[in-house]
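Hi everyone, thanks for coming. I'd like to walk you through one model today, so let me put it up on the screen.

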Amino acid sequence: MSRRVDIDPSPRDATQTDTLPESEAVGVPVAHDYHVHTNYSDGEVMPSMVAAAEEAGLRAVGFADHCNVAARDELLRAKREFGFNLDQTYPLRREAIESMREQADVRIFDAVELDYDPRDEEDIAALLDEADFDYAIGSVHRVDGVNVQSSRPFADMSERERRELVDDYYERLADLVASELFDIAAHPDLVERTPELRGYTTPDHHAMVADAFRNSRTVPEINAGRVRRNYGEFHPASDFRATLRERGVRFVAGSDSHEPAEVKRRKGELDDHFAGREAKPVRLFD
Ligand SMILES: [Zn+2]
Ligand SMILES: [Zn+2]
């Protein structure tokens, strides 16, 4: 399997849509879940996640464990403390994936969820080249040194500071998409899950990022990680999805599961989502 999977290498034309012809439109289930974690980052052990994928009726599951290649001190310290060292451990995980493939009734992809920062582009490209994953997901989790998923750093910020941080988040996400380093961009409006940052996203942010997707090989995911949790929505939210669809951008499905029980439940949520708008998720592999 090659890493570079060009779904549509040319800029998308605006008439392209993910709406199916009527004859195929009913009940297209999600067959490939491209965003599942194992204990090579913050998920559960691989045999449990594989069994969950089989039980959910998936045809393929992609293990995309967290990875960060920045040499900056605070990030090096964090990755050692949390144990997210996939840039070192991917050969071991690959052995595990290969032996699981011999027993599993589901196809298994060897993938990565890689933190993106424009300063790290060379190191990211070097790792992707060396590791030759089946595909790569890019994520903006941190802006200006803070993780946008935690509330604490933002509690004492003024409205103006929060607005600027959210601006920076979307600029960075547009950079990620334009970098062409990744097959998939994860949870494209991640800041919306954090109550302190919610509501600062604007139609201009949506348009800027959607324009970047239109001109890139990188595909956004519909991420089900917070549908049943405090946020209660997919990423991206419905108005953002509409802006992306207007530009002919389509989506892959990603459950962002960390526990076995999440795989099947979130597949159901993703199935309902795609069936509800008579759309078919993009598959990176046939
Ligand atoms: Zn993520
Ligand atoms: Zn994830």
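Let me start with a small puzzle: in strand 7, which residue is the bridge partner of Gly 138? It is Ala 185.

A word on conventions before I go on. This is a predicted model, where local features need pLDDT of at least 70, side-chain atom pairs count only at pLDDT 80 or more, and totals for chains, interfaces and linings use all residues. Residues are numbered from 1 along each chain as its sequence is written, with chains lettered from A and ligands numbered from 1 in the order in which they are written. Helices (H or I, at least four residues) and strands (E, at least two) are DSSP runs, numbered from the N terminus.

Back to the sheet pairings. Two strands pair if DSSP finds at least two bridges between them. Strand 4 and strand 7, residues 184–185, are parallel and share two bridges. On to strand 3: five bridges link strand 3 with strand 4, residues 135–139, again in parallel. Val 112 is matched with Ala 136 there, and Asp 115 with Ser 139. Strand 3 also runs parallel to strand 2, residues 60–67, through eight bridges, with Ala 60 opposite Arg 107.

How do we get from strand 3 to strand 4? Helix 4, residues 121–131, completes a right-handed β-α-β unit with them; right-handed means that, with the strands pointing away from the viewer, the path from the first strand over the helix to the second runs clockwise.

Now, burial. I call a residue buried if 20 or more other C-beta atoms lie within 10 Å of its own, exposed if 12 or fewer, and partly exposed in between, with C-beta atoms placed from the backbone. In strand 3, residues 107–115, eight of nine residues are buried. Strand 4 has both faces covered, with Tyr 135, Ile 137 and Ser 139 on one side and Ala 136 and Gly 138 on the other.

The largest nonpolar core (buried Ala, Val, Leu, Ile, Met, Phe, Trp, Tyr and Cys residues joined through C-beta atoms within 7 Å) has 74 residues, and Ala 111 and Ala 136 have the most contacts inside it. Helix 5 gives the most to this core, eight residues.

Last stop, helix 6, residues 203–214. Its buried residues are His 205, His 206, Val 209, Ala 210, Ala 212 and Phe 213. They sit on the same side of helix 6 because they cover an arc of only 155° around the axis, taken from the directions from the helix axis to the C-beta atoms. Pro 203 and Asp 204 are exposed on the face turned away. Happy to take questions!

Key: The expected span of a helix is 1.5 Å times one less than its number of residues.
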